[in-house]
Amino acid sequence: MDIVKWQVTVPPVTFGPGAIKQTVEMLKNQGITRPMLVTDPGVRLQPFAKALIAQLNDEQCGVSVFSDIKGNPTKGNVDSGLHYFTETGCNGIVALGGGSAIDVAKAISLVAYNNHDLWLYCYFERPEDLPVNSGNRFFVPLMIIPTTAGTGSELSGSSCVINDEVSGRKRVAYHPQHFPFAVLDDPELLVGLPSNLSAWTGMDALTHAIEAYCSPEYHPMCDGVALESIRLCHDYLAQSVLEPHNINARTQMMAASSIAAVAFTAKGLGAVHSIAHALGALLDIHHGLANAVVLPYVLQFNFTEIESKLTRIANLLDLPNRTASGVLEWINTLREQLAIPFTLRALDVTHQQLQEIAELAIRDTEHHTNPIVMRESDFMTILNAAY
């Protein structure tokens, strides 16, 4: 085999029920006196968000709140947040929310101090264009507080998925030297999450773990991390949805989500995510839901290359059918438990749109670590099967 480099960089994580209570102290330790809280309209209305805003104001932190964010965030959302950050004179960012808010917060943190265009940070498209980190104030200090157990965006470095309205596709901005200075994983924030969002985000975490594990990149350390995330999803995902106040299930799913991000940041993802990005950009379908619908069809397409890995998963989980096919059976049973649609047609995708979805998917970079090298015709094969 070729010589490879392993690198796993994880920012400091404060994990457990009540972790959000350490927000103010951590901000003060970083010298952040005027934080901008980046969230989404739904989270902004939650009691824990109102309590955090009140606490920040009581501690004379002078918090400014930005929540003009779509479910599939756009470059326009980032530009609006960038203008608001400058206008309010903030000197730090706190992301509070799911993947959408976290991705917008990361994007603002990437560019607000250095004034580079966000698309220059598309490292996986054109690494030669990546701006050089040239000082302590090159990036805005960033704290992340996730409110879902799915995206894992809190532990995926600076990677942020933003919809480019000009090209009509999702793009990934990233800088390998940019990380949050703190992550607060508080499973109590998940208790009020609606069941459909708990299911969709949980399936997003499972997809991250499975695609990372099946990636052909050689990184046994992150293979172990991915397998543990899969185990946690097997044991706790359905329970966290069906018993929303079960704090142990919520805690374990938050752990599953976060560590899956460590695995996929190092090993990459696959064709599931390229299709999900296309569905989000074209039809504004929730990312986790798109992953949940497409996942088994991509696994079936990749079957010959990943059969041994799926068999290992089946044995780890002690499935009734301890073969690669047993993993597909388990995923379909899980989707049924979580009321996940089984087809793209059920998401109101038309057959005429499949070609455009395939064209967007092949331009996405996530499939570059798919176990089988993808062509546009391969995406059409998967999409027709999923339709």
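Which side chain does Glu 128 meet in a salt bridge? I looked this up before anything else, and the partner is Arg 126, at 3.2 Å from N to O. For my own reference, a salt bridge is a side-chain nitrogen of Lys or Arg within 4 Å of a carboxyl oxygen of Asp or Glu.

**Ground rules.** I am working with a predicted model, where local features need pLDDT of at least 70, side-chain atom pairs count only at pLDDT 80 or more, and totals for chains, interfaces and linings use all residues. Residues are numbered from 1 along each chain as its sequence is written, and side-chain values use heavy atoms, with hydrogens and water left out.

**Entry 1: around Arg 126.** I found that Arg 126 also forms a salt bridge with Asp 129, with 2.7 Å between the closest N and O atoms. Next I checked accessibility, where buried means under 20% relative accessible area, exposed over 50%, and partly exposed in between (1.4 Å probe, protein chains only). Glu 128 is exposed at 54%, Arg 126 is partly exposed at 45%, and Asp 129 is partly exposed at 30%.

**Entry 2: a pair between helices.** I then asked what Lys 267 pairs with. Its salt-bridge partner is Asp 223, at 2.5 Å from N to O. Asp 223 sits in helix 7 (residues 220–242) and Lys 267 in helix 8 (residues 247–267), so this pair ties together parts 44 residues apart in sequence. Helices here are DSSP runs (H or I, at least four residues), numbered from the N terminus. Are these two buried or exposed? Asp 223 is buried at 17%, and Lys 267 is buried at 2%.

**Entry 3: a network.** I noted that Glu 125, Asp 164, Arg 169 and Arg 171 are joined into one network by salt bridges that share partners. The structure holds 12 salt bridges.

**Entry 4: helix 14.** Which residues of helix 14 (residues 376–386) are buried? I wrote down Asp 378, Phe 379, Met 380, Ile 382, Leu 383 and Ala 386. A general note helps me read such a list: an α-helix has 3.6 residues a turn, so residues three or four places apart point the same way. Among the parts that cover the buried residues of helix 14 are helix 9 (271–283), helix 10 (287–301) and helix 13 (354–363). Contact here means heavy atoms within 4.5 Å.

Notes. Helix = DSSP H or I, 4+ residues; strand = E, 2+ residues; numbered from the N terminus.
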